[in-house]
Amino acid sequence: MHSSVTTQGNQRIMEDVPLSAIVQQFGSPCYAYSKKAISENFLDYQRALGSRDHLICYAVKSNSNIAVLQTLAKLGAGFDIVSVGELERVLMAGGDPTKVVYSGVAKTADEMRRALEVGIHCFNVESESELRLLNKTAAETHQLAPVSIRVNPDVDAKTHPYISTGLKENKFGIDINRAFEVYQQAAQMDNISVVGVDCHIGSQLTDITPFIDAMQHLLLLVDRLADSGIKLKHIDIGGGLGVRYQNETIPSLAIYMDALEPLLKGRIETLVMEPGRSITANAGILLTQVQVIKKNGDKNFAIVDAAMNDMLRPALYDAWMDINSAEIIADRTEDSYDVVGPVCETGDFLAKDRMLAITEGDYLYLSSAGAYGFTMSSNYNSRPRVAEVMVDGHQIHLVRARETIEDLVRGEQLIKEQ
Ligand code: LLP
């Protein structure tokens, strides 16, 4: 995967822009994404899939900024969505609805209606109730809803329990042992057209064995269905390939595809993938400024202006994220710091026990923050959400303005006194 920051002299650079120039122009904290890194990460998927019939549906939840979606749409990407909000973003960004797959465990009838109206590629159906609701909703508008059933293959993705989705005890998908029967029901429904099969076993996988296990399970089902007269057009293996945050060894896409190849040899079904993190994580950073340095007992704290509401991953998953100075300044001495935010929670930290040569006023950047960063941010502690910029060569485009206090209370009202 393509990392977005390099070092030139004492400057850290994203594409051709020093990180210090980004904060000078747009303030701190600020998310910055490299257009080139996002594009190259997507093109890596296209190259790895080569001549095999495929559709790469970028998982919008990982970074849903419309400029990111626009960049990917221009390269021909499809999209994996989980809400109508995500669908509308894809449409605003110029994405092709016929390349959209719609995942999610409890789509509402309204959401289904909108997706049918714009003509998406398929609904990844996750329960029998959803299948019945979709059939009914499609009947009301005299449409045929394209369906791929998301099966739960009971495969251990060996990742953090919060981002593991393919085990029986997880809420996702239909038990693979029931899937055959559900397909038989779907095939009988007047307003359902069965087009594929889907699974997504988890996120931040550092081993490809679980993907291969899952594919084997899917293929057994696909063949059994074909024997019974139900021929699927596509097989969707989901997303989940990990990225390097610290020292993880991530299998390359080429290794992943080589491992799938013997299983898929001679098959005509389109291969669908739903990568999110592996396209956007390493393409983005979170810039932040040191506000206060203080010592409590033996601990040094660097209190920065970004917090858990801006980047939740460390607080929620105890995730390790790399943090460094945005400029290398000669006369600093190194010390060990916990880098924490100003939010009133002990869990509000970005990094713990890191050796940094910093002082108050310095800028830092959190690496690999392009996925599940801004999209998981909130207004907790009434903190306006930060700005997002997209770097393209020498240019810096503001792609989301920093929120104002007005934005913070938009929609709220005082009650009228009697
Ligand atoms: N497809 C489906 C149905 C998904 O649920 C997900 C992610 C993806 C694709 C994309 O997976 P990826 O390629 O990004 O691993 N907030 C967590 C990650 C949650 C992932 C949720 N589903 C984190 O920050 O680690």
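This is a short tour of a predicted protein model, going from the whole chain down to single residues.

**Stop 1: the whole protein**

Start with everything shown as a cartoon. You are looking at twelve helices and 21 strands. Along its principal axes, the C-alpha trace spans about 75 × 70 × 40 Å. How does the radius of gyration fit a compact globule? For 418 residues such a globule would have a value near 22 Å, and the protein has 23 Å, which agrees.

Now switch on the surface. The accessible surface comes to about 18,300 Å², and 49% of it belongs to carbon and sulfur atoms. Buried residues make up 55% of the 418 residues. Try colouring the charged side chains too: there are 39 positive and 55 negative ones, and the centres of the two sets lie 2 Å apart.

**Stop 2: the two domains**

Select residues 5–33 together with 281–409 and give them one colour; this is domain 1. Give residues 35–279 another colour for domain 2. The centres of the two domains, taken over C-alpha atoms, are separated by 32 Å. Where the domains touch, 23 residues of domain 1 are in contact with 23 residues of domain 2.

**Stop 3: a cis peptide bond**

Go to Pro 29, in the loop between helix H1 (19–26) and strand E4 (30–34). Is the peptide bond from Ser 28 to Pro 29 cis or trans? This bond is cis, with omega near -5°.

**Stop 4: helix H5 and its cover**

Next, select residues 109–118, which form helix H5. Which residues of this helix are buried? They are Glu 111, Met 112, Ala 115, Leu 116 and Val 118. To see what covers these buried residues, show the surroundings: the cover includes helix H4 (84–92) and helix H6 (128–140), along with strands E7 (100–102), E8 (122–125) and E9 (145–152). Just after H5, stop at Gly 119, which takes a positive phi of about 75°.

**Stop 5: Asp 236**

Move along to strand E12 (residues 234–236), where you will find Asp 236. Is Asp 236 buried or exposed? Its relative accessibility is 0%, so Asp 236 counts as buried. Leaving aside neighbours within four places in sequence, the residues in contact with Asp 236 include Val 101, Asn 124, Cys 199, Leu 218 and Met 273. For a distance to try in your viewer, pick the C-alpha atoms of Asp 236 and Asp 110: they are separated by 25 Å, with their positions 126 residues apart along the chain.

**Stop 6: the loop between E19 and E20**

Finish in the loop between strand E19 (363–366) and strand E20 (387–392), beginning with Ser 367. Ser 367 has 16% relative accessibility, so this residue counts as buried. Beyond its neighbours within four places in sequence, Ser 367 is in contact with Gly 284, Ile 285, Met 321 and Asp 322.

Tyr 372 sits in this loop as well. Its phi is near 55°, a positive value in a residue other than glycine. At 15% relative accessibility, Tyr 372 counts as buried.

The last residue to select is Asn 381, also in the loop between E19 and E20. Asn 381 is not a glycine, yet it has a positive phi of about 65°. Why does Asn 381 count as partly exposed? Because its relative accessibility is 32%, and partly exposed covers values between 20% and 50%.

Key. Residues numbered from 1 in each chain as written. Predicted model: local features only at pLDDT ≥ 70, side-chain atom pairs only at ≥ 80, totals over all residues. Heavy atoms only, no water. Buried < 20%, exposed > 50% of the residue type's maximum accessible area, 1.4 Å probe, protein only. Helix = DSSP H or I, 4+ residues; strand = E, 2+ residues; numbered from the N terminus. Contact = heavy atoms within 4.5 Å. Rg over C-alpha atoms; globule rule 2.2 N^0.38 Å. Areas by Shrake-Rupley, 256 points an atom, 1.4 Å probe, with all protein chains shown as cover. Lys, Arg positive; Asp, Glu negative; His and termini not counted. Charge placed at Lys NZ, Arg CZ, Asp CG, Glu CD. Domains from an automatic or database assignment.
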